[in-house]
Amino acid sequence: MKTTQALISVASASELIRSGKTLSIAGDESALRQLPLGNWIGGTIPYFMASSGGTVNREDVFVTEVNDFISQPELRFYDESSLSQICRNAPENGYSVVIIPAFSDCHASFAANAPNYEDMYMKPLIGWIAGVHLDDLGKIKPKVVLGTSGEFSEECTVVMDVALPSDKFAQIDIVNLFRPGTGPCITFDDTGFSAGTCQINGAPGNLADYLLNDSIDTRLPLVADYSGAMINVSIKSIDKSSKRVEFYAPVFPGVEYRIAAPVNDYLDAIQSALPKANKEISFSCNCILNFLYSDLEGKRTGHITGPMTFGEIGYQLLNQTMVYLTIIE
Amino acid sequence: MKPEDMLRQALEIEAPWHISRMRNDLGKQQIDLWIAQEAPRSAWFFGAKSSSPQGNERIWRHVNIGKARCIVHAVPPSAPNQQPLPWFGETDQPFTHALARQIAGMFMEGVSFQAICSLLDIPVAELWKFKHNLDNGKAGLSSPQAVRTAPSTEPSNSAVPEAVDPVWEKLLDGSINLDIHALSLKLLLTKFREQFLLITDADVRMLKTHEMQRYFVRHEKLLGHELTQLVQLAGL
C-alpha cells in the first residue's frame, strides 16, 4: 500500500485525521495546535524536505500515513523513568515511531542509554528529535504531541507502536554521506555530550585545541565505524575558555572517531546514495544540519521527503544522517 | 489481613519499613514499589507516614510477583542494618539480596545463564553485571562448575547455526567478519564485540553468543545475505 508522505495544509491534515487515518505529523507548534484529536503523534519542527524541495514552513504540516498494521497502533507517552522500556514494550513484529523533544531529559537519556535498552536492535525503532525554528531557540521549547488526547509535552517522548502482519517486516536504513577522514583517531574516556581531554592517535590531547589549531571545519562531524555503519557525532560549539567541545549526540568510550572527510557536493552525492525510486519509503527524516550546511532550501534530495530534524533516530540517536523505513514482504 | 499487608509479608518487608507507593504502568508486566521507613507517630490519632528520604533513591530488581517484574525503589537507611534486608540491594548491584539469593541458588543447581534470564525474565545485561560483580569479588557468592548447554536434538527448519556452534564466538571475538547489510546487525555486533572484549567468564560469553544467535533466528528472513556467509564460515 502506497504511503502518503507530504507537506500539506492544516485543513487537509485535519481531514485525514477525521477520516480515521493513523499519522505521524511534523510541524510548527502553531500548526500542530490547530489539528483535531485523532490517531496521530507529532513533533514540532518547521524545516522540511518537501516534494518541491527544502523549505521552511510554519503554516503547513508534514504527514506520514501509517498503514499495513495488523491492529490499531498504540500511541503513548514515555517519561524519562519509563523510556528504557520502549523496545521491550514494542510489538514482536513491527516497528515503533519515536519523537523526543530536543533539550529534554528524555533526549539526553535516550542519547546516552539507548544502545543498552533491553531488546534494542532486536525491534525496529525509528524517529526524530523535535525542534523549533532557529529564530525561536531559547525562547520556545520543542514539543511532542499525543494526538489522541491533544496533550503537548516538552519533556515526554511520544511513541507509536505499529504491529505488522507476519508476512511483513520493518527495515530501517540510513544514508550517511560522511566517512572517516584521514585525520587522527580520536577516543574518549567517558560518555558525554561534551568533551575536552581525549586521546589523539593514542596520545593524551584536547579536542578543542585540536579542532582550533588544525582549523578543522566544524560542519564536519566525528564519524565512527560501527561494523560498517558510519555513525556521526555532530559538533555544536567550541568553548575556547573551558577548552571543551559540545556535541549534538554523545560520544562513547571505546569508540574510535575521526573527523569526516569533506563531501564536496551533498546533493550530487546523496542522489547516488539514495534507495531506488521504486522502493517505497514508509517513513523518512533528515537532519537540519544537512539542510543548513548543504544549503538545501529550494533543492530536492531525490524522491525522499520528510522533516529536517534536530536529530534522527535509527535505533539510536544519529546526527547529519537520513533515516528511512521500508516495509518488506 | 489486608492485601497490602500480605504483599509486605510475601516480599519480606518488615516494620519499620512499608510500601509507600506502587505503580504498574512504568513497564509491561512490571510493578514498581517505593519502600520507605515509617516515621514515628507524633500523636495517637495520626496514622503512619513515611519519613522524608535522606540521600539518593536506589533502584533494584526484586523477586517477581507472579508473572510481573518487581522493581524496588528505596533510600538506604542512615544506620545500616546488621542483617541485609532481603528487599534491599548493594550499591551498584542490579538485584536485591533476595533475588541475588534466588539467582545464586539457581547457579548452585547448575541452571544456565540463558535459562535464568528466561525463567525470571531478567535482561541479559543485568544478569551479566551481577555475574561480573561476582567474578570481581564485589559480591560474596561464587559460581559452581562451568555450565554448558547441549545442542538441541530437535530438527530445525532454520538455516541459522545452533547457539553452541563455535561460529558465534568467532563472530563476536572478531575472528571472522561478515559483509553486513542490516543496520541493526551492524550496531548490535559492534556493541557485542565491545562487551566480548571485557568478558572473561565462559558462561557469560556463552550467553552473549546465544543472544547473537537469537537475533539471527528472529530476523532470519531479513538476513539472507549475512546468513549465507555465516553458514559457509560455520562449515569451515
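Is Glu329(A) buried or exposed? Glu329(A) is exposed, at 70% relative accessible area. The views below come from a predicted model.

**View 1. A salt bridge joins Lys168(A) to Glu329(A).** The closest N and O atoms of this pair are 3.9 Å apart. Lys168(A) sits in the loop between β12 (157-163) and β13 (169-175) of chain A. Glu329(A) belongs to the segment after β27 (322-328) of chain A. The pair therefore ties together parts 161 residues apart in sequence. Lys168(A) is buried, with a relative accessible area of 13%. Its partner Glu329(A), at 70%, is exposed.

**View 2. Arg58(A) and Asp28(A) form a salt bridge between two loops of chain A.** The closest N and O atoms lie 3.5 Å apart. Arg58(A) is in the loop between β5 (53-56) and β6 (61-65). Asp28(A) is in the loop between β2 (23-27) and α2 (29-32). The two residues are 30 apart, and the pair links distant parts of the chain. Arg58(A) is partly exposed, at 28% relative accessible area. Asp28(A) is buried, at 9% relative accessibility.

**View 3. Lys299(A) meets Asp295(A) in a salt bridge.** The N to O distance is 3.3 Å. Lys299(A) counts as partly exposed, at 29% relative accessibility. Asp295(A) is also partly exposed, with a relative accessible area of 48%. Elsewhere, Glu29(A), Arg33(A), Lys143(A) and Glu154(A) are joined into one network by salt bridges that share partners. Over all chains the count is 22 salt bridges.

**View 4. Cys185(A) and Cys198(A) are in no disulfide.** A search of the whole structure finds zero disulfides over all chains. For Cys185(A), the nearest cysteine sulfur is that of Cys198(A), 9.9 Å away. For Cys198(A), the nearest is that of Cys185(A). A disulfide needs the two sulfur atoms within 2.5 Å, so a pair at 9.9 Å does not count. Cys185(A) is buried, at 12% relative accessibility. Cys198(A) is buried too, with a relative accessible area of 2%.

**View 5. His107(A) is a buried residue of helix α3 in chain A.** Its relative accessibility is 9%. Which residues does His107(A) touch, not counting those up to four places away in sequence? The contacts are Ile100(A), Pro101(A), Ala102(A), Ile129(A), Tyr248(A) and Leu317(A). Arg18(A) is 89 residues from His107(A) in sequence. Their C-alpha atoms are 31 Å apart in space.

**View 6. A nonpolar patch lies on the surface of chain A.** Phe103(A), Leu134(A), Leu137(A), Leu292(A) and Tyr293(A) form this patch. Together they have about 420 Å² of accessible area. Phe103(A) is placed in the loop between β8 (94-101) and α3 (105-113) of chain A.

**View 7. Phe95(B) is buried in a loop of chain B.** The loop runs between β5 (68-74) and α2 (97-108). Relative accessibility of Phe95(B) is 3%. Not counting residues up to four places away in sequence, Phe95(B) touches Trp60(B), Arg61(B), Gly89(B), Glu90(B), Ala100(B), Ile103(B), Ile122(B), Glu126(B), Leu127(B) and Phe130(B). Trp60(B) is 35 residues from Phe95(B) along the chain. Even so, their C-alpha atoms are separated by 5.0 Å.

**View 8. Chain B contains eight helices and five strands.** Along the sequence they follow the pattern α-β-β-β-β-β-α-α-α-α-α-α-α. Chain B has 236 residues, and 46% of them are buried. Of the contacts between residues at least 6 apart in sequence, 54% join residues at least 24 apart. The accessible surface of chain B is about 13,000 Å². Carbon and sulfur atoms account for 52% of that surface.

**View 9. Confidence varies along chain B.** The average pLDDT of chain B is 81, and 78% of the residues score at least 70. Among its elements, helix α5 (residues 166-172) has the highest mean pLDDT, 96. Strand β3 (residues 49-50) has the lowest, 54. Residues 140-154 of chain B stay under 50. For that stretch the model has 23 contacts beyond four places in sequence. Where pLDDT is low, predicted coordinates should not be read in detail. For the complex, the predictor gives an ipTM of 0.95 and a pTM of 0.81.

Key:
Residues numbered from 1 in each chain as written. Chains lettered and ligands numbered in written order. Predicted model: local features only at pLDDT ≥ 70, side-chain atom pairs only at ≥ 80, totals over all residues. Heavy atoms only, no water. Patch = residues over 30% accessible without salt bridge, like charges linked within 9 Å, V, L, I, M, F, W, Y side chains within 5 Å. Areas by Shrake-Rupley, 256 points an atom, 1.4 Å probe, with all protein chains shown as cover. Salt bridge = Lys/Arg side-chain N within 4 Å of Asp/Glu carboxyl O. Helix = DSSP H or I, 4+ residues; strand = E, 2+ residues; numbered from the N terminus. pLDDT = per-residue confidence, 0-100. Contact = heavy atoms within 4.5 Å. Buried < 20%, exposed > 50% of the residue type's maximum accessible area, 1.4 Å probe, protein only.
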